[in-house]
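Let's take a walk through a protein model together. Keep the 3D view open and turn it as you read.

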Amino acid sequence: AHLKDAEVRHQAGALPQVGLLRAQIDLTRAERDLERAINNYRSAKLALGTLLDLREDFEVETPPEPEVDLSLVSSPVPTHERPDLRAAQAQVELNERLRTASWLKYAPNIGANGAYRWSNVGGFTGENRTWFATIGLQWNLLDGGLREAEIREQNAKVAEARASLRGTENRAHEELARAALDLQSARANAVKAEQQVRLARENNRLVELSFKSGVSTPLEVSDAQAALLSAETAAVGERIQASIAAIRLLKAHG
């Protein structure tokens with residue numbers, strides 16, 4: 001549209017040749033950028049298809065915005081939903097069981113054995129059947145303090161595992177709080193970016209009107225169009241960052 005206006009003004013003698021050349025250069029640059037954007041989009045689809053093991057062509061839909069309630073920050077982090085918290089809790093339980101096993105070494109070992117036999121020839125007693133049963137008790141009364149050392153070691157490991165669990169919980173709460181702050185900042189940046197788009201769009205409209213009336217120069221039109229493109233690109237980026245921040249908040253909460 002800008003090129004057509006420039007051609008009309010040039011034919012009417014209201015625009016010098018350099019202004020028409022400027023509009024043609026802008027159109028050529030826009031067509032080149034469009035072609036590059038299309039190829040980048042196709043390349044991204046190929047990479048996505050490789051990750052998803054999709055050989056056939058497919059269409060990409062824009063996902064809905066993640067719904068996040070900032071009240072998640074004040075709610076406790078669910079331990080069963082985060083792998084790091086589950087791993088830390090499992091390590092505490094494992095060390096507690098190992099400590100219990102060390103305490104059980106004070107108990108005696110009891111063994112039982114039995115047998116039953118039948119023979120077609122009677123023995124001294126004339127019986128064809130014989131049986132016996134034994135019960136054994138083994139108790140280690142003195143081991144040189146090995147059990148006490150193992151119990152002290154297991155107590156230290158239990159304390160270490162509990163401290164590690166506590167640290168993991170603290171880091172989870174910190175990650176949750178930071179994710180909430182990042183989400184608030186990202187949403188605020190997205191709102192500001194949308195405001196800049198509206199201002200840039202209005203500025204571009206006014207400059208186009210001024211150009212049609214012969215007040216603005218082609219350079220001013222190009223600058224206004226570039227500012228609008230930059231503002232729209234930044235707005236898209238800020239919306240994506242807001243969505244990523246919302247996903248990170250959900251991930252931090254498990």
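Start at Arg-152, which sits in helix 4. Is this residue buried or exposed? Arg-152 has a relative accessible area of 57%, and anything over 50% counts as exposed, so this arginine is exposed. Now look for Arg-99: it is 53 residues away from Arg-152 along the chain, yet the two C-alpha atoms are separated by 8.7 Å. Keep in mind as you go that this is a predicted model.

Since you are already on helix 4, follow it from end to end. It runs through residues 146–212, which makes 67 residues. How far does helix 4 reach from its first C-alpha to its last? The answer is 96 Å, close to the 99 Å you would expect at 1.5 Å a residue. Just after helix 4 you meet Gly-214, which takes a positive phi of about 85°.

Helix 5, at residues 218–252, can be checked in the same spirit. With 35 residues at 1.5 Å each step, helix 5 should span 51 Å, and its end C-alpha atoms are indeed 51 Å apart, so the two values agree. Helix 5 also has a glycine with positive phi after it: Gly-254, with a value near 95°.

Next, peek inside. In soluble globular proteins, nonpolar side chains tend to be buried together. Here, the largest nonpolar core has 11 residues, including Val-68, Leu-176, Leu-183, Ala-242 and Leu-249. Which helices each supply at least two residues of this core? They are helix 4 and helix 5. To see some of the packing, zoom in on Ala-245, another core member. Leaving out residues up to four places away in sequence, Ala-245 touches Ala-179, Asp-182, Leu-183 and Ala-186. Apart from this core lies another one, made of nine residues, among them Ala-6, Leu-15, Phe-211 and Val-221.

Now for some empty space. Rolling a probe the size of a water molecule over the atoms shows where such space is left. The largest pocket holds about 570 Å³. Its lining is made of 21 residues, and the ones nearest its centre are Asp-26, Leu-27, Arg-29, Ala-30 and Gln-225. Four elements give two or more residues to this lining: helix 1 (2–11), helix 2 (17–52), helix 4 and helix 5. Which one gives the largest share? That is helix 2, with 10 residues of the lining.

From helix 2, move along to Asp-53, which lies in the loop between helix 2 and helix 3 (83–104). Asp-53 has a phi near 60°, a positive value in a residue other than glycine. Its relative accessible area is 60%, so Asp-53 is exposed.

Finally, swing over to the strands. Strand 1 covers residues 109–118, and strand 2 covers residues 129–138. The two run antiparallel and are joined by 10 bridges. You can trace the pairing yourself: Asn-109 has Gln-138 of strand 2 as its bridge partner, and Gly-114 stands opposite Ala-133. How many of the 10 residues of strand 1 are buried? The number is zero, so strand 1 lies largely in the open. Strand 2 also has zero buried residues out of its 10, so this strand lies largely in the open too.

Two threonines of strand 2 give you a closer look. One of them is Thr-130, which is partly exposed, with a relative accessible area of 44%. Setting aside neighbours within four places in sequence, Thr-130 is in contact with Ala-115, Tyr-116 and Arg-117. Thr-130 and Tyr-116 are 14 residues apart in sequence, and 5.9 Å apart in space, C-alpha to C-alpha.

The other is Thr-134, also found in strand 2. Why does Thr-134 count as partly exposed? Its relative accessibility is 40%, and partly exposed residues fall between the 20% limit for buried and the 50% limit for exposed, so that label fits. Not counting residues up to four places away in sequence, Thr-134 touches Gly-111, Ala-112 and Asn-113. For a last stretch across the model, go from Thr-134 to Glu-238: these residues are 104 places apart along the chain, and their C-alpha atoms are separated by 80 Å.

Terms used. Residues are numbered from 1 along each chain as its sequence is written. This is a predicted model: local features need pLDDT of at least 70, side-chain atom pairs count only at pLDDT 80 or more; totals for chains, interfaces and linings use all residues. Side-chain values use heavy atoms; hydrogens and water are left out. The expected span of a helix is 1.5 Å times one less than its number of residues. A nonpolar core is a set of buried Ala, Val, Leu, Ile, Met, Phe, Trp, Tyr and Cys residues joined through side-chain atoms within 4.5 Å. Buried means under 20% relative accessible area, exposed over 50%, partly exposed in between (1.4 Å probe, protein chains only). Contact means heavy atoms within 4.5 Å. Two strands pair if DSSP finds at least two bridges between them. On a 1 Å grid over the protein atoms alone, a cavity is a set of points where a 1.4 Å probe fits but cannot get out, and a pocket is an open set with protein on both sides within 12 Å along at least five of seven lines; lining residues have an atom within 4 Å of a point. Grid points are joined across faces, edges and corners, and a volume is the space filled by probe spheres set on the points.
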